[in-house]
Amino acid sequence: MSLRRLALLLAGLFALTGCQLDVVADVVVNPDGTGTVTVTAEADAALVSEVPTITDDLVLDDIAAAGWTIEGPTATPDGGLLLVLSHPFEGKDEATNLLRSLGPPFNDPTIGRGQDGDSATNIARANLGLPDGFASFADDDLVSAAGGVPFAARIEESGADPASSFSAVLNVTLPGELVDAETNAEVLDDGTLRWTVPVDGSILEASARSEQEPSAGGQWARPVATVALIALIAWVGFMTLFIVYVAVARWRRSRRYRRRALPEQEATHPGW
């Protein structure tokens, strides 16, 4: 079962039983561009009451095979269920692919990173929302296989809609300083960027950008490296001069020795 189909199954169940599903996607980008995507889905106690076999009904083998770490479903203190999925990433391309695997309401997500020397620019973008209601969760393959959107008739009959049974939040943590003019998120006290996903059929164009300068370590390391380079050049220059000095001194000493030795040789061997 893919993440997208899991979302459709859960949303369908919640809509049909009058339950509430809350989803939070957390993206943390580290200073080196690696990071983690974590998805937390929480259902209220009404679902457990209406569908007591839900824990056994969730088949997550495909999600685990895709490299996601799965925690749960576990019971919450109020009798609901909590499911946590997490996956590390090594760079912007993998981060973007992981987010795209989530599907709606996290549409067209992009995690970008540009490097300019020691500085980096980080961006996060997505179109957040469910423009087709619960039908947004269904991909073309699923619609084709099922002959339509699963649960569509029953959801329409119940009168349920995302606004009454679904909520979603996207949290992103970017390294560096935010560029306010290009960031439309709510900024939490710890620097986390938060977008609340609209569930009324509209789309929120989430956007954020940060400028990441060299770390404090890098700022002092560069002058130290420069000093070390200058010292190395000076040492090489000194050693070169020293070698030349020794060579010249030996040549002069050898020359004086030959001058002193020549008269003695002539006296010992006249006619040389």
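The protein chain has an average pLDDT of 77, and 62% of the residues score at least 70. The model is a predicted one, and its confidence varies along the chain. The highest mean, 97, belongs to strand β10 (residues 193-196), while the lowest, 41, belongs to helix α6 (residues 140-146). Over residues 140-152 the pLDDT stays under 50, and the model has 15 contacts beyond four places in sequence for this stretch. Residues 216-222 also remain under 50, with two contacts beyond four places in sequence. Where pLDDT is low, the predicted coordinates should not be read in detail.

The description may now turn to the sheets. Strands of a sheet pair through backbone hydrogen bonds, in either a parallel or an antiparallel sense. One open sheet consists of seven strands in the order β3-β4-β2-β1-β7-β10-β9, and its pairing is mixed. Its edge strands are β3 and β9 (186-187), each of which pairs on one side only. Within this sheet, strand β2 (residues 35-43) and strand β4 (residues 81-89) are joined by nine bridges in the antiparallel sense. Valine 37 stands opposite histidine 87 in β4. Helix α5 lies across β1 (21-29), β2 and β4, and runs at about 155° to β4.

Another open sheet has four strands, ordered β5-β6-β11-β8, with antiparallel pairing. Here β5 (106-116) and β8 (177-178) stand at the edges; each has a single partner strand, so one side of each is left without a neighbour in the sheet. The pairing of β8 with strand β11 (residues 204-212) is antiparallel and extends over two bridges. Serine 210 in β11 is the bridge partner of leucine 178.

Several features of the backbone can be placed within this framework. The peptide bond from glycine 72 to proline 73 is cis, with omega near 5°. Proline 73 belongs to strand β3 (residues 69-75), which is an edge strand of the seven-stranded sheet. A cis peptide bond also leads from proline 104 to proline 105, with omega near 10°. Proline 105 is located in the loop between α5 (92-102) and β5.

In strand β5 itself lies aspartate 108. This residue has a positive phi of about 50°, although it is not a glycine. Is aspartate 108 buried or exposed? Its relative accessibility is 55%, and the threshold for an exposed residue is over 50%, so aspartate 108 counts as exposed.

Terms used:
Residues are numbered from 1 along each chain as its sequence is written. This is a predicted model: local features need pLDDT of at least 70, side-chain atom pairs count only at pLDDT 80 or more; totals for chains, interfaces and linings use all residues. Side-chain values use heavy atoms; hydrogens and water are left out. Two strands pair if DSSP finds at least two bridges between them. Buried means under 20% relative accessible area, exposed over 50%, partly exposed in between (1.4 Å probe, protein chains only). pLDDT is the predictor's confidence in each residue, from 0 to 100. Contact means heavy atoms within 4.5 Å. Axes are lines fitted to C-alpha atoms, for helices over the stretch in contact, and angles run from 0 to 180 degrees between N-to-C directions.
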